[in-house]
Amino acid sequence: MDITPATTATPPPAPGSAPAPAGAPKGATRAGDRIFLTLSRGSGILLLAIMAAIAVFLTVRAANALSKDQGNFLTTFEWNANATPPVFGIAVLAFGTVVSSIIAMLIAVPVAIGIALFISHYAPRRLAAPLSYVIDLLAAVPSIVYGLWGALFLVPHLGGLYGWLNDYFGWTGILAYHDGAARSLFTIGILLAIMILPIVTSVSREVFLQVPRMNEEAALALGATRWEVIRLSVLPFGRSGVISASMLGLGRALGETMAVATVLSPSFDIGTSLLDPGGGTFAQNIASSFKESGELGKDALIASGLVLFLLTLLVNGAARMIIARRKEYTA
């Protein structure tokens with residue numbers, strides 16, 4: 001009986017490596033693949049090292065300031081780090097940063113989604129292309145330009161809006177207007193919404209354009225209207241992308257500095273109305289106080305920067321958790 005020797009299956013190449021050329025020793029990879037793998041891995045490790053170095057630097061400098069603070073860092077309504085003894089806290093800064101960012105998101109995200117849907121599914125091509133270009137161009141405008149526009153144009157023209165809000169919603173106390181310049185957290189929220197609108201719109205538009213054409217055509221074939229196609233096919237598919245775009249915009253809103261410092265009238269007091277002048281944010285306080293601060297004052301500002309750093313990490317972590325729950329829409 002003729003017995004043929006069993007053949008040994010060739011193992012597949014390792015992940016991330018291309019098949020070796022014919023005649024090369026087993027397990028060999030191309031030099032280009034090894035270089036690319038080393039550079040990619042090194043870039044990831046370098047990024048983690050930079051993040052760790054930033055965290056360590058902020059923590060060490062913040063610990064020095066917190067050890068000498070005579071007030072409660074989380075609840076004190078005062079920032080006087082150069083005094084003897086130093087007293088400072090982030091209550092007003094945290095409130096202003098979070099509230100202005102929430103206002104910006106409530107205004108910008110719905111408008112951005114509407115613009116993205118209009119460009120991707122409603123506008124004719126000859127209109128969609130220039131409109132997309134203009135929106136992308138707005139994302140490149142420096143923040144100081146937005147700040148100057150906000151201080152010289154937006155603030156003087158918000159009196160009518162503030163008066164209307166006071167007439168119809170002033171009874172809530174939150175939107176009561178007591179005259180004065182419109183240099184409030186609500187104005188900052190509007191300005192931040194305009195600044196993050198191009199980012200959220202651009203990313204959402206690209207996500208909506210990736211919806212499989214087959215899904216939309218199938219819904220239309222079943223008799224769905226244009227809005228039903230968007231509601232049942234486009235929005236579910238792009239949900240995770242819209243969340244990612246919103247988190248990108250929120251990250252800019254949380255850390256915006258020059259525009260806020262140009263428009264806001266800073267004060268360490270939390271008013272009952274969002275329309276009252278005053279308030280403050282982490283980034284604005286750091287930018288306006290850093291130059292005149294002493295060594296301890298700079299450490300105190302770095303401590304507030306550490307809180308902003310942690311807040312940004314928490315926001316991005318929450319976004320990742322939300323996206324992970326909807327993996328079926330991330331294809």
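User: What is the volume of the largest cavity?

Analyst: This is a predicted model, in which local features need pLDDT of at least 70 and side-chain atom pairs count only at pLDDT 80 or more, while totals for chains, interfaces and linings use all residues. Residues are numbered from 1 along each chain as its sequence is written, and side-chain values use heavy atoms, with hydrogens and water left out. A cavity is a set of points on a 1 Å grid over the protein atoms alone where a 1.4 Å probe fits but cannot get out, and lining residues have an atom within 4 Å of a point; points are joined across faces, edges and corners, and the volume is the space filled by probe spheres set on them. The largest cavity has a volume of about 30 Å³.

User: Which helix gives the most to the lining of the largest cavity?

Analyst: The lining includes T97, S100, S101 and E256. Helices are DSSP runs (H or I, at least four residues) numbered from the N terminus. Both α2 and α8 supply at least two lining residues, and the most, three residues, comes from α2.

User: Which helix supplies the largest share of the largest nonpolar core?

Analyst: A nonpolar core joins buried (under 20% relative accessible area, 1.4 Å probe, protein chains only) Ala, Val, Leu, Ile, Met, Phe, Trp, Tyr and Cys residues through side-chain atoms within 4.5 Å. The largest one has 56 residues, with W79, F88 and L275 among those with the most contacts inside it. Helices α1 (31–66) and α11 (295–324) are among those that each supply at least two residues. The largest share, 10 residues, comes from α11.

Methods: Buried means under 20% relative accessible area, exposed over 50%, partly exposed in between (1.4 Å probe, protein chains only). On a 1 Å grid over the protein atoms alone, a cavity is a set of points where a 1.4 Å probe fits but cannot get out, and a pocket is an open set with protein on both sides within 12 Å along at least five of seven lines; lining residues have an atom within 4 Å of a point.
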